[in-house]
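Here is a protein to look around in. Take a moment with the sequence and the fold, then read on.

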Amino acid sequence: MGSLSSLLWALWYVLPAYFANASPVLVGGGRPIDGGRTWRDGRRLLGDGKTWRGLAGGVTIGTLVGVLQYYITPGYYGSLKTAVLLAFLLSFGALIGDLTGSFIKRRVNLPRGAPAVGLDQLGFLISALAFAYPVKTVSSGQMLFLLLFTPFVHWGANYLAYRMGWKSVPW
Ligand code: CTP
Ligand code: MG
Ligand code: K
């Protein structure tokens, strides 16, 4: 799978997606994206946990992380434009993956906030990697590492947010 530095570069690569996925807990709220609408099964399309403010805030914060990353390691990105585009795609992809996860959760009748192991930890990551792929990618070994490691980051971040009182459940 490669050296420690290659694993650290994988985390550096995906960092905007982590920030995009985590920040809606703090910046989200307000009008839900589905506008309260229901699917043909009578249940909410996405639910109250997916808001416009969370989406816009997450994409903005994730993209800004990419700007900072460029100034720390410009050689890794080549240009500011590449860094910003990559961070935007990782962030937008992460949140589209998160929305897709919520859509699936509502279809199998899981209420807002219920855990869905696998989907919650990896849906956003897989979507982020797919969106970013055309601009810049990591090796298959690095991707495998991210798939194995991200659930621990996700659980850690959620536990922290719970202990800080930012969310009511530790998942
Ligand atoms: N959030 C938001 N907008 C988003 C994503 C998240 O406002 N697009 C906020 C909501 O307050 C949400 C919290 O971040 O409750 C945590 O996100 P997440 O765990 O993804 O949502 P859940 O409440 O668990 O909802 P779901 O069951 O649909 O995943
Ligand atoms: Mg949740
Ligand atoms: K989620």
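## Overall shape

This is a predicted model. A compact globule of 171 residues would have a radius of gyration near 16 Å, and the protein comes out at 16 Å, so the two agree. Along its principal axes, the C-alpha trace spans about 50 × 35 × 30 Å.

How much of the protein is buried? Buried residues make up 41% of the 171 residues. The accessible surface adds up to about 9100 Å², and 69% of that belongs to carbon and sulfur atoms.

## Helices and annotated spans

Walk along the chain and you'll meet the pattern α-α-α-α-α-α-α: that's seven helices and zero strands. If you look at contacts between residues at least 6 apart in sequence, 69% of them join residues at least 24 apart.

The unreviewed UniProt entry carries the annotation "transmembrane region" for residues 6-30, 51-72, 84-104, 116-135 and 141-162. In the model, the span 6-30 is 84% helix and 0% strand, with its end C-alpha atoms 40 Å apart. The span 141-162 is 100% helix, and its end C-alpha atoms lie 32 Å apart.

## A nonpolar patch

Val-25, Leu-26, Leu-160, Met-164 and Trp-166 together make a nonpolar surface patch of about 480 Å². Leu-160 sits in helix H7, which covers residues 140-163. Its relative accessibility is 48%, so Leu-160 counts as partly exposed.

## Salt bridges

How many salt bridges are there? The count comes to six. One of them pairs Arg-44 with Asp-34, with the closest N and O atoms 2.8 Å apart. Both residues lie in the loop between helix H2 (24-27) and helix H3 (52-72), so the pair ties together parts that are ten residues apart in sequence. Asp-34 is buried, with a relative accessible area of just 2%. Asp-34 and Arg-44 also belong to a network of salt bridges that takes in Asp-48.

Another salt bridge joins Asp-120 and Lys-105, with the closest N and O atoms 3.1 Å apart. Asp-120 lies in helix H6 and Lys-105 in helix H5, so this pair links parts that are 15 residues apart in sequence. Lys-105 is buried at 8% relative accessible area, while Asp-120 is partly exposed at 22%.

## An unusual backbone angle

Most residues other than glycine have a negative phi. Now check Asn-109: its phi is near 70°, a positive value in a residue other than glycine. You'll find Asn-109 in the loop between helix H5 (80-107) and helix H6 (119-132).

Conventions: Residues are numbered from 1 along each chain as its sequence is written. Chains are lettered from A and ligands numbered from 1 in the order in which they are written. This is a predicted model: local features need pLDDT of at least 70, side-chain atom pairs count only at pLDDT 80 or more; totals for chains, interfaces and linings use all residues. Side-chain values use heavy atoms; hydrogens and water are left out. UniProt positions are given in the numbering used here, feature names are shortened, and annotations may be inferred rather than shown by experiment. Helices (H or I, at least four residues) and strands (E, at least two) are DSSP runs, numbered from the N terminus. Patches are made of residues with over 30% relative accessible area and no salt bridge: like charges are joined within 9 Å, nonpolar side chains (Val, Leu, Ile, Met, Phe, Trp, Tyr) within 5 Å. Accessible areas come from the Shrake-Rupley method with a 1.4 Å probe; for residues, only the protein chains shown count as cover. A salt bridge is a side-chain nitrogen of Lys or Arg within 4 Å of a carboxyl oxygen of Asp or Glu. Buried means under 20% relative accessible area, exposed over 50%, partly exposed in between (1.4 Å probe, protein chains only). The radius of gyration is taken over C-alpha atoms; the globule rule is 2.2 Å times the number of residues to the power 0.38. Contact means heavy atoms within 4.5 Å.
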